[in-house]
Amino acid sequence: MIRIGIDVGGTGIQVGVVDKEGRILQKGGIVTRTDLPFAEQVAQMAACALETLQRSGHTLDDLESVGAGVPGVADYRTGIIPFCTNMGWHDVPFRTEFQKHINKPILIDNDATVAGLAENVAGVSAGASSSVFITLGTGVGGSIIINGRVWSGAHGVGSEIGHMILELDGEPCTCGNKGCLERYCSATAIIRMAREAIARHPDSMINTLCDGKPEKINAKMVFDAARESDPIATKVFRRYISYLAQAIASIIQFFDPEVIVLGGGVSKAGSFLLDAVRAEVPKYILYKTLPYARIELAKLGPDAGIIGAAMLQ
Ligand SMILES: [Zn+2]
């Protein structure tokens, strides 16, 4: 039996035929058309899935299920997507609509959740009995996988790691609270900290890398300057690592998972980031002499969305 995984994104939709071990057998994709009505978007997605299935040499009889990871809130129990702003979806019956085209079990979940599941099946945390995935991008998302299955909480909205509060009366967050973790641990946070720093220290290498235009700063520039030992970039980097390490230590303290996986755009900084995090986390660990979670970088890259969606059950 094979499964289909769909990675729904604001610019493109990737489809993959995936085997039980998480190997992609065939891929397809379409451009996202948010200008179309929801039903038509789903029809195009299903058509792409069927076409990809056919190219893989399989038929509907071989197909066990279709899973989709969406960049928003997805209710895995009802198959309804309450919010998915990037796609312009509000309270849309994804499962019911999709089953009009492919009458198989249709599973949905949030994209960070499925990326974490993918790593647990075929990636860096493969086979771990428990893992926490943290995606460090424009925001911060996360997922909890226990015994190979997603734990979404009693009401389906758990693992919102990005909105755990890290700082009392801290930076305002898009969610309405202040001091949320994603205001300190996202790429957006690195950029904000760098802009604040170069306003006071315009001689920083970050200012050279962004051609003196703070609006052009990205996380990579800050990491690049820190790698070159620029003192201001190093200070921003250390501050970022300190927040991230405290967040990770809190997860370890509370949940004690086997593995913590870091993904998302910021994780592309590779061993420079990972080594710093691994060195910093023990400072905040409660039981320093006892074993604690392995901290790793995600390794599946852009295919994680397809693989994880296909593994939903
Ligand atoms: Zn928040």
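Student: Helices (H or I, at least four residues) and strands (E, at least two) are DSSP runs, numbered from the N terminus. With that in mind, where is Asn-110 found?

Tutor: Asn-110 is found in strand β8, which covers residues 106-110. Before we go on, this is a predicted model, where local features need pLDDT of at least 70 and side-chain atom pairs count only at pLDDT 80 or more, while totals for chains, interfaces and linings use all residues. Residues are numbered from 1 along each chain as its sequence is written, and side-chain values use heavy atoms, with hydrogens and water left out.

Student: Okay. What does the side chain of Asn-110 reach?

Tutor: The Asn-110 side chain reaches the backbone nitrogen of Ala-112, at 2.9 Å. That's a polar contact, meaning a pair of N or O atoms within 3.5 Å; within protein, one must be able to donate a hydrogen and the other to accept it, and residues adjacent in sequence count only if both atoms are side-chain atoms.

Student: And which residues is Asn-110 in contact with, leaving aside its neighbours within four places in sequence?

Tutor: Those are Val-70, Gly-72 and Ala-74. Contact here means heavy atoms within 4.5 Å.

Student: Let's zoom out. Which domains does the assignment give?

Tutor: Domain 1 is 2-120 + 303-311, and domain 2 is 127-297. Bounds like these come from an automatic or database domain assignment. The C-alpha centres of domain 1 and domain 2 lie 28 Å apart. Their contact takes eleven residues from domain 1 and 18 residues from domain 2.

Student: How much area is buried between domain 1 and domain 2?

Tutor: About 1100 Å², and carbon and sulfur atoms give 56% of that. Buried area is the accessible area (1.4 Å probe) that two parts lose on being put together, summed over both.

Student: How many salt bridges does the rule find across the interface of domain 1 and domain 2?

Tutor: Zero across that interface. A salt bridge is a side-chain nitrogen of Lys or Arg within 4 Å of a carboxyl oxygen of Asp or Glu. For polar contact, the rule does find three residue pairs across the interface of domain 1 and domain 2, both residues at pLDDT 80 or more. On the side of domain 1 that touches domain 2, helix α3 (residues 111-122) gives the largest share, with seven residues. The residues on that side divide into five nonpolar, three polar and three charged. Here Ala, Val, Leu, Ile, Met, Phe, Trp, Tyr, Cys and Pro count as nonpolar, Asp, Glu, Lys and Arg as charged, and the others, Gly among them, as polar.

Student: What does the salt bridge count come to by this rule?

Tutor: The count comes to 19 salt bridges. In general, side chains of opposite charge can pair when their charged atoms come close. One case is Glu-51 with Arg-55, whose closest N and O atoms are 2.7 Å apart. Because Glu-51 and Arg-55 are four residues apart in helix α1 (residues 38-55), about one helical turn separates them.

Student: Is Glu-51 buried or exposed?

Tutor: Partly exposed: Glu-51 has a relative accessible area of 35%. Buried means under 20% relative accessible area, exposed over 50%, and partly exposed in between (1.4 Å probe, protein chains only). Arg-55 is partly exposed too, at 40%.

Student: What does Glu-196 form a salt bridge with?

Tutor: With Arg-192, the closest N and O atoms being 3.8 Å apart. Both lie in helix α5 (residues 187-200), four residues apart. Glu-196 is partly exposed at 33%, whereas Arg-192 is buried at 17%.

Student: New topic. Where is Tyr-184 placed?

Tutor: In helix α4 (residues 182-185). Tyr-184 counts as buried because its relative accessibility is 4%. Not counting residues up to four places away in sequence, Tyr-184 touches several others, including Leu-166, Arg-192, Tyr-240 and Tyr-243. Glu-171 is another residue that Tyr-184 touches; those two are 13 residues apart in sequence and 8.3 Å apart in space, C-alpha to C-alpha.

Student: Last one: what is phi of Asn-147 near?

Tutor: Near 50°, a positive value in a residue other than glycine. Most residues other than glycine have a negative phi. Asn-147 lies in the loop between β10 (140-146) and β11 (149-151), and is exposed at 63%. Asp-256 also has a positive phi, of about 50°, in the loop between α8 (231-255) and β12 (259-263).
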